[in-house]
Amino acid sequence: MKKLFLTIAAFCFIISLKAQDDNLRDIMKGRGEYVFAFNFDDVADLNDISRIVSIDKVDNGVVTAYANEAEYEKFLTLNIEHQLVMPEHLLKDFKMFDGGRAEYEWDAYPTYSAYEDMMYQFAEDHPDKCSIIELGTLSSGHKILVARLNDGTTDGEPKFLYSSTMHGDECTGFVMMLRLIDYLLTTDDAQVNDLINNLDIFICPNANPDGTYRWTDDNVNTATRDNASGIDLNRNYPDSRVGEHPDGNEYAAETQLFLQLASDYQFVMAANYHGGSEVLNYPWDNYYQVHADNVWWKYVCHEYADLTHLVDPNYMTDYDNGIVNGFQWYMITGSRQDYMNYYAACREVTIECSTVKIPDESQLPSYWNKNKESMLTYMGEALKGIHGVVTDSLTGEPLEVEVFVEDHDKVYSKIYSNLPLGDFHRVINGGNWTLKFSAEGYKDKYVEVAIEDGGRVDIDVAMVPSGSSIDENEDDFVKVYPNPTEEVLNITVNTSESIRWSISDVSGRVLMTGEVDGCSEISGVDVSSLNSGIYILEIKSDTFSVSRKIAVR
C-alpha cells in the first residue's frame with residue numbers, strides 16, 4: 001500500500017485551521033474544496049445552481065454547497081451573496097483505531113491501514129461466510145473493498161448492496177458498515193441467519209477512501225467531500241435526463257469501479273449511506289415524475305425510519321417523518337441512486353444517517369443502535385415480493401428473460417431473470433399484478449399474481465418456443481394425475497398433435513412406451529407393475545418434448 005504521509009505544508013495548514021485563521025478562502029484554496037452557504041427563494045433557481053456546484057443540504061431556505069476551485073469561480077460569476085463555512089471536523093482531533101480488530105470497541109474511526117486490515121480479517125476469521133472483493137486500487141494506493149457475505153451458495157439468491165462514504169467526509173455510515181459486517185458474521189440469531197442463508201450480500205464501507213484520508217491515513221479530520229481529483233462522486237454517474245458525464249468530468253476511477261460492479265452483479269436492492277441530514281431520500285433526484293414503484297418506496301422508507309423511532313423518537317423525523325423524495329428536496333444530476341434505479345434494474349435509496357458528517361467518536365455506538373434493526377429489516381425486503389424461476393418449457397433449461405409488470409412498470413423499472421438458474425426477484429407493493437415474461441424466440445407469457453404488502457409469492461414460469469403449438473398461456477400444458485399414484489396414471493396435454501410417451505427409471509432405462517394419434521388425453525396408464533419409487537415420464541411430438549417426474553407408491 002502506498003501510504004499518504006502528512007506533508008509539511010499540510011501540517012502547517014492544520015495548525016492554521018486550529019488557530020482559526022480568518023482567511024477561509026485561502027484555507028479552502030489550499031484544500032481544493034470550498035464550503036459555503038447562501039439563501040434561496042426559488043427551487044427552479046436552485047436547480048440551475050446545482051448544475052454548477054454540489055448542493056449538500058437545504059434547510060429552512062439555507063443552502064449548504066461544496067465546490068472545487070473551478071466550480072467556485074463559476075459560482076462567483078452568479079453574484080450570489082454567500083458565506084464560507086468552516087467544516088467542523090477540520091478543528092477536531094478524532095480518536096482513531098490503529099490496531100487489531102479484536103480490540104475495536106466501535107467508538108473510534110479506523111486509520112486507513114486498520115480499515116484495510118479489518119476487512120481482510122473478516123474473511124480470514126469467517127471463510128465460510130465472507131470473502132473480500134478488491135474492486136480496484138486507486139493511484140494513491142487506497143483500495144475500494146467490498147465484503148461479500150453468504151452461506152456459500154449464491155446462485156438463485158437476491159443480491160443486495162450496502163455502501164457508504166462516497167463523500168469522503170461523511171463517515172458515520174463508514175463505521176456502521178464495518179460494524180454491520182462484524183454483526184452479520186458473529187451473531188447467531190434467526191433474523192441474521194435468514195439473511196446470510198438467503199441473500200448474497202455485498203457491503204462497501206468506504207467508497208471514497210481518497211476523500212476520507214485526503215491528507216493523512218492516520219486521521220479523518222482532513223477528510224474532503226470530493227475524491228483526490230476534486231470530483232463529487234455523487235454527481236459523476238450517467239444520468240437519464242442529462243446523459244453521459246453530467247458534471248462535465250470524465251468518470252472517476254471510483255465511479256468506473258462501481259459501474260463495473262453493477263454490471264457484474266444484478267443487484268435487487270441497495271442503499272448508499274451519506275451524512276449531513278437524517279432522512280431517507282428516495283428516487284428520483286433528477287426529475288419531478290415519481291418512480292413507478294413510488295408506493296413501495298414510501299412503504300420501505302417509512303418502515304426504516306419508523307424502526308429508528310423506536311430507539312430514538314427524535315431521530316429521522318424531518319420532512320415526511322424521516323423520508324423525502326429527492327427531487328422535491330433539491331434536484332441533482334449524476335447521482336448513483338438514479339443510475340442504479342434507471343440503468344441497473346436495482347432499487348437503491350440514499351440514507352442520510354447523521355446531521356454531523358463526522359460526529360464525535362463517542363456518538364458512533366448510538367448511531368449503530370438507532371439504525372441496526374432498520375438496516376436488517378431493509379435487507380430483508382429483498383426476500384419479499386415476487387420471486388421465481390423461468391425455464392424453457394420443452395427442455396427445462398433456465399432462461400434470461402424480461403419481466404414487466406403490466407399497467408405499472410416503465411422502461412426503467414422492468415427487471416430480468418438471471419442465469420445460470422433463471423431466477424428473478426421483483427420487489428413490489430401489495431396488489432393484483434399481471435407479469436409479462438418475454439424473450440426473443442419465445443411466446444410471451446402472462447402470469448396473474450396477488451400479493452400483500454410485505455408478503456412474498458413464488459412462481460415457476462415455463463416459456464414456450466415461438467414455433468411450438470402449445471398454448472403459451474396455459475398454466476400447465478401437461479398435467480399428470482394422480483401423482484403420486486399406486487395403479488393408474490392419467491395424462492392431459494394441451495395440444496392436438498400426435499404424441500409419444502415413455503416411462504423410464506432414474507438410470508434412463510425405458511420401462512413403458514405408448515403412442516396416441518391426434519389426442520390430448522391419455523387415460524388409465526397401468527403402472528401397478530412398477531416398484532415403488534421415482535420415474536421419468538417423457539412426452540414428445542414433432543415440435544416439443546416435455547419431462548415430468550412421477551412417483552409410484
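Biologist: Helix angles under 35 degrees count as roughly parallel, over 145 as roughly antiparallel, 65 to 115 as roughly perpendicular, and the rest as oblique. With that in mind for this predicted model, how do α6 and α14 lie to each other?

Modeller: Happy to start there. The two axes come within 10 Å and cross at roughly 60 degrees. An angle outside the parallel, antiparallel and perpendicular ranges is left to the remaining class. Therefore the word for α6 and α14 is oblique.

Biologist: And which residues of α14 does α6 meet?

Modeller: From α6 come Thr172, Val175, Met176, Met177, Arg179, Leu180, Tyr183 and Leu184. By class, the contact has 13 nonpolar, two polar and two charged residues. The partners in α14 are Leu364, Pro365, Tyr367, Trp368, Asn371, Lys372, Met375, Leu376 and Met379.

Biologist: Does α6 pass α14 in a left-handed or a right-handed crossing?

Modeller: Handedness depends on which way the near helix is turned from the far one by less than a right angle, and clockwise counts as right-handed. For α6 and α14, the crossing is right-handed.

Biologist: Let's turn to α10 and α14: are they roughly parallel or antiparallel?

Modeller: Helix α10 spans residues 294-309 and helix α14 residues 364-380; their axes lie 7 Å apart, at an angle of about 150 degrees. Because angles over 145 degrees fall in that class, α10 runs to α14 roughly antiparallel.

Biologist: How many residues of that contact between α10 and α14 are charged?

Modeller: On the α10 side are Trp297, Val300, Glu303, Tyr304, Leu307 and Thr308, and on the α14 side Lys370, Asn371, Glu373, Ser374, Met375, Thr377 and Tyr378. Of these, six are nonpolar and four polar. The charged residues number three.

Biologist: What about α5 and α6: are they roughly parallel or antiparallel to each other?

Modeller: Helix α5 covers residues 112-125 and helix α6 residues 172-186, with axes 11 Å apart and an angle of about 20 degrees. Their crossing is left-handed. Since the angle is under 35 degrees, α5 and α6 are roughly parallel.

Biologist: How many nonpolar residues are in the contact of α5 with α6?

Modeller: Tyr115, Met118, Met119 and Phe122 in α5 face Phe174, Leu178, Ile181, Asp182 and Leu185 in α6. None of them is classed as polar and one is charged. The nonpolar count is eight.

Biologist: On to the aromatics: which residues do ring pairs link into a cluster?

Modeller: The structure holds 31 aromatic pairs. A cluster joined by such pairs consists of Tyr237, Trp284, Tyr339, Tyr342, Tyr343 and Tyr412.

Biologist: And over which ring does the charged end of Arg214 sit?

Modeller: A charge needs to be within 6 Å of the ring centre to be listed, and the one on Arg214 is 5.1 Å away. Elsewhere, Arg225 lies over the face of Tyr66, at 4.9 Å from the ring centre. For Arg214, the ring belongs to Trp215.

Biologist: Now the backbone: which residue does a cis peptide bond join to Pro420?

Modeller: Pro420 is in the loop between β17 (415-416) and β18 (423-426). Omega of the bond is about 20 degrees. The residue joined to Pro420 is Leu419.

Biologist: Where is Pro484 found?

Modeller: The peptide bond from Asn483 to Pro484 is also cis, with omega near 10 degrees. Pro484 itself is in the loop between β22 (478-481) and β23 (488-493).

Note on methods:
Residues numbered from 1 in each chain as written. Predicted model: local features only at pLDDT ≥ 70, side-chain atom pairs only at ≥ 80, totals over all residues. Heavy atoms only, no water. Phe/Tyr/Trp six-rings, centres within 6.5 Å; stacked < 30°, edge-to-face > 60°. Lys NZ or Arg CZ within 6 Å of the ring centre and 35° of its normal. Axes fitted to C-alpha atoms, helices over the stretch in contact; angles between N-to-C directions. Helix = DSSP H or I, 4+ residues; strand = E, 2+ residues; numbered from the N terminus. Contact = heavy atoms within 4.5 Å. Nonpolar A, V, L, I, M, F, W, Y, C, P; charged D, E, K, R; others polar.
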